Amino acid sequence: MSSAALRDGILRVPVIDIASFRMPYADAAARSEVVRQVDEAARTVGFMQVTGHGIPATTLSEFTGATDAFFALDAPAKARYRCPPGINRGYSPPKAESLANSLGLATAADLFEAINVGTSADDFPGLDLPEDVYAANVYPNDEVPGFEAAVGEWFRAAGRVARTMVKIFGVALGGREDYFERFTDHSIDVLRMNNYRLPGPDTELEADQLGMGAHTDYGIVTVLWADRVPGLEIHGADGNWHPVLPAGGALLVNLGDATARWTNEEWISTLHRVAPPRVEGKLVPRRSAAYFHDGNVDAVIECLPSCVSADNPARYEPVTVGAHLAAKLAGSRGGQLNPHAAREASRLR
């Protein structure tokens, strides 16, 4: 499995303006240039910084205000929003997860806390969808008035960006904007709001403890907002970790395992992690919000015909999105080392 490429020893995450793909009558040449840039980034880095996304600053400020208020609650209040095991919604306290387990690697528990919301079965009337996968959301509206409204607005906005990216992917890989629609018309989408809750600026951490452990994302595409604070690191082809600081006003977009598998690794699902965030050697607060566009639970991830040949046979057996996600989440949230991620983990061994 490929890692992010370096140029002159430096890992660069390109900045791409996707505005032309949000405008139905944009110049065809401009749209083709966006496709070219995304395709190049997908093949070489697996990450890109996206501008021209169209999300107003007020949507972000109201969203971060609501999440800050939730994370400022005391532990018993937040604990009321924990969901049962196997349900990828609700609150996770610090040290409740280990993302590296999703790669089959055993490490110290991660420092972050999070709250998840996502698509539910009610969003797709007429379909018989598993309610544990398309679970109902829990919102702390009593403690944080307006939480559901502010988070819901960001969820919809980030979802539009994710779907725009998938249209670009469709043109790049299949020649049509609707190429992936059959895989995504009842997509499992989850917004994970993260808070890197650190005990204090001089705290001694365990030897291998991270804000969030090394992992690849699981689905099709991730749309990430993050504070402009150090922490996010991408694994490069040189075997080292390279810091990435979000550009002002940009969203980070990266590919997940489903896309890497569909493209037979022509496109990269990049290993990344969050180191304990430090400025001038001191631990500092950091927030992020990742929107995961993962695909339909019953969609089959199978190498696309255009990505397979006699000289380049399929590297993966077909698997449904639901089964793939279940194995990953059993690792990160359930503590069961994932035995199905050997290719991803081999870059770290």
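# Salt bridges, burial and fold in a predicted model

Me: What makes Arg-31 and Glu-177 a salt bridge in this predicted model?
Reply: The closest N and O atoms of Arg-31 and Glu-177 are 2.2 Å apart. The cut-off is a side-chain nitrogen of Lys or Arg within 4 Å of a carboxyl oxygen of Asp or Glu. Therefore the pair counts as a salt bridge.

Me: Which parts of the chain does the pair link?
Reply: Arg-31 is in helix α1 (residues 28-44). Glu-177 is in the loop between α4 (147-174) and α5 (181-184). The two residues are 146 residues apart.

Me: Why is Arg-31 called buried?
Reply: Its relative accessible area is 14%. Buried means under 20%, so Arg-31 qualifies.

Me: Is Glu-177 buried, exposed or partly exposed, and why?
Reply: Glu-177 has a relative accessible area of 33%. Exposed needs over 50% and buried under 20%, so Glu-177 is partly exposed.

Me: What makes Lys-78 and Glu-113 a salt bridge?
Reply: The closest N and O atoms of this pair are 3.1 Å apart. The limit is 4 Å, so the pair counts.

Me: Why does the pair tie together separate parts of the sequence?
Reply: Lys-78 lies in helix α3 (residues 75-79) and Glu-113 in strand β4 (residues 113-118), so the linked parts are 35 residues apart in sequence.

Me: How do you know whether Lys-78 and Glu-113 are buried or exposed?
Reply: Lys-78 has 1% relative accessibility. Glu-113 has a relative accessible area of 0%. Both values are under 20%, so both residues are buried.

Me: What joins Asp-178 and Arg-176?
Reply: Their side chains meet in a salt bridge, 2.8 Å from N to O. Asp-178 has a relative accessible area of 40%, and Arg-176 also has 40%. That value lies between 20% and 50%, so each is partly exposed.

Me: Which residues form a network through shared partners?
Reply: Arg-7, Glu-33, Arg-36 and Glu-40 are joined into one network by salt bridges. A search of the whole structure finds 15 salt bridges.

Me: Why is Asp-189 said to have no salt bridge?
Reply: The nearest side chain of opposite charge, Arg-163, is 4.2 Å away. A salt bridge has to be within 4 Å, so this pair does not count. Asp-189 is nonetheless buried.

Me: Where is Asp-189, and what does its side chain meet?
Reply: Asp-189 is in strand β5 (residues 187-195). A polar contact of 2.7 Å joins its side chain to that of Tyr-291. The cut-off for a polar contact is 3.5 Å, so 2.7 Å is within it. Beyond its neighbours within four places in sequence, Asp-189 is in contact with residues including Arg-89, Phe-155, Arg-163 and His-293.

Me: Why is Ala-108 called buried?
Reply: Its relative accessible area is 11%, which is under 20%, so Ala-108 is buried. Ala-108 is found in the loop between β3 (90-92) and β4. The C-alpha atoms of Ala-108 and Ala-29 are separated by 49 Å.

Me: How do you know that the radius of gyration agrees with a compact globule?
Reply: With 349 residues, a compact globule would have a radius near 20 Å. The protein has 19 Å, so the value agrees. The C-alpha trace spans about 55 × 45 × 40 Å along its principal axes.

Me: What share of the residues is buried?
Reply: Buried residues make up 55% of the 349 residues. The protein has eight helices and 16 strands.

Methods. Residues numbered from 1 in each chain as written. Predicted model: local features only at pLDDT ≥ 70, side-chain atom pairs only at ≥ 80, totals over all residues. Heavy atoms only, no water. Helix = DSSP H or I, 4+ residues; strand = E, 2+ residues; numbered from the N terminus. Buried < 20%, exposed > 50% of the residue type's maximum accessible area, 1.4 Å probe, protein only. Lys, Arg positive; Asp, Glu negative; His and termini not counted. Polar contact = N/O pair within 3.5 Å; in protein donor to acceptor, adjacent residues only side chain to side chain. Contact = heavy atoms within 4.5 Å. Rg over C-alpha atoms; globule rule 2.2 N^0.38 Å.
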